[in-house]
Amino acid sequence: MEPVRTCVGCRRREPRSALLRVVAVEGALVPDAAARLPGRGSWVHPTSECVDQAVQRRAFTRALRLTTGPDASAVRAFVSTEPAAPTAE
């Protein structure tokens with residue numbers, strides 16, 4: 001059975017393979033598609049809607065325990081180039 005994670009953007013629970021892991025490196029968010037980077041991670045659907053929602057709600061700041069709002073440009077660029085993943089509804 002695959003682990004289940006919660007998207008920090010829309011708060012829906014999905015299998016880990018349907019979400020993108022995001023870590024903070026020196027104040028910037030970094031997409032971790034292989035889920036191998038060290039440190040605390042947060043999970044988000046690989047869609048611009050969920051990433052924007054998470055930034056607006058300051059969910060990345062809380063989930064990653066940051067003191068300032070992170071730069072999400074790398075994650076936004078990553079999800080805009082990725083093909084849309086099918087979601088189970």
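Let us start inside helix 1 (48-56), where the buried residues are Cys50, Val51 and Ala54. Buried here means under 20% relative accessible area, while exposed means over 50% and partly exposed lies in between, all with a 1.4 Å probe and protein chains only. Seen down the axis of helix 1, these buried residues fall within an arc of 100°, so they line one face of the helix; the arc is that of the directions from the helix axis to the C-beta atoms. On the other side of helix 1, Glu49 and Gln56 are exposed. The cover over the buried residues of helix 1 includes strand 5, helix 2 and helix 3. After helix 1 comes Arg58, with a positive phi near 60°.

A few words on how to read all this. The model is a predicted one, in which local features need pLDDT of at least 70 and side-chain atom pairs count only at pLDDT 80 or more, while totals for chains, interfaces and linings use all residues. Residues are numbered from 1 along each chain as its sequence is written, and side-chain values use heavy atoms, with hydrogens and water left out. Helices (H or I, at least four residues) and strands (E, at least two) are DSSP runs, numbered from the N terminus.

Now for the sheet. It is an open sheet of three strands in the order 4-3-5, with antiparallel pairing. Strand 4 (28-32) and strand 5 stand at the edges with a single partner strand each, so one side of each is left without a neighbour in the sheet. From one strand to the next, the twist averages 35°. Two strands pair if DSSP finds at least two bridges between them. Strand 3 and strand 4 run antiparallel and are joined by five bridges; along them, Val23 stands opposite Val30, and Val25 stands opposite Ala28. On the other pairing, strand 3 and strand 5 are antiparallel over four bridges, and Val22 has Ser42 in strand 5 as its bridge partner.

Helix 3 packs on this sheet, touching strand 3 and strand 4, and its direction makes about 35° with that of strand 4. For such angles, axes are lines fitted to C-alpha atoms, for helices over the stretch in contact, and the angles run from 0 to 180 degrees between N-to-C directions.

Val30 is a good residue to stop at in strand 4. At 25% relative accessibility, Val30 counts as partly exposed. Contact means heavy atoms within 4.5 Å. Leaving aside neighbours within four places in sequence, Val30 is in contact with Arg21, Val22, Val23, Val25, Leu37 and Val75. The C-alpha atoms of Val30 and Arg76 are separated by 9.8 Å, although these residues are 46 residues apart along the chain.

Next, look at the loops. Most residues other than glycine have a negative phi. Glu26, however, takes a positive phi near 50° in the hairpin of strand 3 and strand 4, which has two residues between the strands. Glu26 counts as exposed, at 82% relative accessibility. Ala35 also has a positive phi, near 55°, and is found in the loop between strand 4 and strand 5. At 18% relative accessibility, Ala35 counts as buried.

With these parts in view, we can turn to the interior. The largest nonpolar core has 18 residues, and those with the most contacts inside it are Val22, Leu29, Val44 and Phe60. A nonpolar core is a set of buried Ala, Val, Leu, Ile, Met, Phe, Trp, Tyr and Cys residues joined through side-chain atoms within 4.5 Å. At least two residues of this core come from each of strand 3 (20-25), strand 5 (41-44), helix 1 (48-56), helix 2 (59-63) and helix 3 (73-81). Helix 1 gives the most, with three residues.

Follow Phe60 to see how these pieces meet. Apart from neighbours within four places in sequence, Phe60 is in contact with Val8, Val22, Leu29, Ser42, Val44, Val51, Ala54, Val55, Arg65, Leu66 and Pro70. Thr61 lies in helix 2 and is buried, with a relative accessible area of 17%. With the same neighbours set aside, Thr61 is in contact with Leu66, Thr68, Gly69 and Pro70.

Finally, an unreviewed UniProt entry places the feature "domain: YlxR" at residues 5-68. UniProt positions are given in the numbering used here, feature names are shortened, and annotations may be inferred rather than shown by experiment. In the model, the end C-alpha atoms of residues 5-68 lie 24 Å apart, and the span is 22% helix and 31% strand.
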